[in-house]
Each structure stands twice: as C-alpha cells, then as structure tokens.
Amino acid sequence: MALPTALSTLRLPVIGSPLFIISNPKLVIAQCTAGIVGSFPALNARPASQLDAWLAEITEALAAWDKAHPDQPAAPFAVNQIVHRSNDRLEHDMMACAKYRVPIVITSLGARPEVNQGVHAWGGIVLHDVINQAFAHKAIEKGADGLILVATGAGGHAGVQSPFALVQETRAWFDGPIVLSGAIASGDAVLAAQAMGADLAYIGSAFIATEEARAVDGYKQMIVGSSAQDIVYSSLFTGIHGNYLRGSVVAAGMDPDHLPEGDPSKMDFASAIGGAKAWKDIWGCGQGIGVIDRVLPAAELVAKLTREYRAARQRLGAAA
C-alpha cells in the first residue's frame, strides 16, 4: 500500500514525536522546514484558547517557507490528541484542528471512531500509537489510517515488546503506514526501522536536547550526559509504565531502584509524588540517548540524522 502524500514526500522518513510540555510551535516549525514531520500535543497549548494561536503560527510559518523555498517545501505537521475520556478539552481542540485542517492527527490512549471520522472529513490522516497487537487491531477497526508502534525503550509511556516482534506481527496483517518508536536517535536506527518493515521512525528524546525545545537546561544537559543505563521504567508517576531519566528521580529524593507501583485506576499526567510532578520534575526519556552528545538547533539535528541515514544506506549498498 502506498503511503499517504503527507508521509511520502518527507526528506527524511521521520516524525518528531509530540513531547508533553516540551513541544511548541518554534520546535515544530524547525522540524517541518528541515524536512520531517513536526508535532506537538494539543494539551501543551494552555489555556485552551492558545491552541488556535499556535495553529495559526505554524500554518502561516510553513506557508511562508513554501513560498520562499518552492524547491524544498516544508513537511506537514501533526497534532497529538489524548482521546481518553478524561480529556475534557478534546471537543474544543478537535474543532481548532478542523479550522486549520491539520494534516496529521496522532491519537493516544484510546481509539475513537468519531475522532477519526472528523479528521477524515477535512482531509487529514490519523496515526494511532499502540504498544501491542490487541490495541493495534482496535485502532484500525475504528478507522485509524496508520499505527505508531511504541516498542520497549521509547521515552515516556512505552511498551515492553521488542521492535522486531511488534513490526513483524503487525506487518503480517496490516499493509498501511507503520511508524516505529523506541530508542531511535540516529540515522542508522531510522534505516534499521525501515529494514524491519516500518515506513518511518518516531524520534522524541533527541529533540528534547535541541535549542528550540521548551525544556529547562538541566533536562537537556542530563540527556547529553546520560545513556540507556540511566533510564528507569516505572508506573509510579502517572499510573502507566513509562521511561524516565534516573537523575531526575534521584533529584526528587526517590530511590529509582525501589519505586512502588502506580495505580492505573488513578491515571494522572500531572500527578505529584512527594512534591515532584510527572514530566515537569520527573523527566521522560528513551533509551536511545547514548548517541546524543550536545544540544543542537533542531535543523542541525535533522541534518545530522540525514547524513547518518544516507551513509548507512550507502554502506548497505556497497555490502550488497
């Protein structure tokens, strides 16, 4: 099955994943003009009325870029919607997305047919993130166009399955767009994702350590100075298992090796444990950060990923 136009014309087959609190118009615009899909969670725009301003800023900036660079148009952008019933902003935020005809909507925490139908009505596509086959089947049955497979090692809320298992089992029954998430932070890893059957790679943690990201400097520097062994997988902070930087857990006065289990019935993305808030103080991060050695402008990071990706393809071509 051919990829939708929104995903088939990228200069690098990558989606910059929506980073809670961190993603903002400045980062999204930098990602899109560099040739990859930029995205942000709708809930990052606070108050809710700010979402309209953000969508206007992104839409106008990308249109201006395209006019000035007709031979190198910007990639489309995406908005992440939490479709869980606890999100009381969903209807408002979807109306804003409809107004600006957002090209790609990434849905999380539930699959809602009416949301998918709404996006299709204005010509957009829906990618739904999942951690296993049960959720993947439900997403497609309810009208999603593609799947984001969140494998072990991904930042934030992540699954536990190997990317090899997730991709091969999904490809056995689904020929639509597959995006792979989980410890991808180099161009080599992007090509590896495609080699195992995914169409695109989903990269998040590497973009936290960029100049445009709305993260405090301590967060960015901790990513630069950390590696896979510094990632802690815990359900304590939101009720759902996720990956976090060990150093931020220690800084909050907790022992990262002896964390109690969270309560999934009290799922809360802004919870506070001992005064430390998830995401704000306990910093989400994936296992791929060992290759991140400095804070860069987002465009420079994309250029680096592109060079690595092309070099990896050349190596494989030479070997063949």
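Student: At the start of H7, which residue has a side-chain oxygen that reaches to within 3.1 Å of the backbone nitrogen of Phe-164?
Tutor: This is a predicted model, in which local features need pLDDT of at least 70, side-chain atom pairs count only at pLDDT 80 or more, and totals for chains, interfaces and linings use all residues. Residues are numbered from 1 along each chain as its sequence is written, and side-chain values use heavy atoms, with hydrogens and water left out. At the start of helix H7 (helices being DSSP runs of H or I with at least four residues, strands runs of E with at least two, numbered from the N terminus), the side-chain oxygen within 3.1 Å of that backbone nitrogen belongs to Ser-162.

Student: Within what arc do the buried residues of H7 fall, seen down its axis?
Tutor: Buried means under 20% relative accessible area and exposed over 50%, with a 1.4 Å probe and protein chains only; in H7 (residues 163–171) the buried residues are Leu-166, Val-167 and Thr-170. Taking the directions from the helix axis to the C-beta atoms, these residues line one face of the helix because they fall within an arc of 90 degrees.

Student: Which residues are exposed on the other side of H7?
Tutor: The buried residues of H7 are covered by elements including helix H6 (133–141) and strand S8 (178–181). On the other side, the exposed residues are Phe-164 and Gln-168.

Student: Are Tyr-219 and Trp-283 buried or exposed?
Tutor: Tyr-219 lies in helix H10 (residues 217–224), and Trp-283, 64 residues apart from Tyr-219, lies in the loop between strand S13 (276–277) and helix H12 (298–319). Both Tyr-219 and Trp-283 are buried.

How values were computed: Contact means heavy atoms within 4.5 Å. A polar contact is a pair of N or O atoms within 3.5 Å; within protein, one must be able to donate a hydrogen and the other to accept it, and residues adjacent in sequence count only if both atoms are side-chain atoms.
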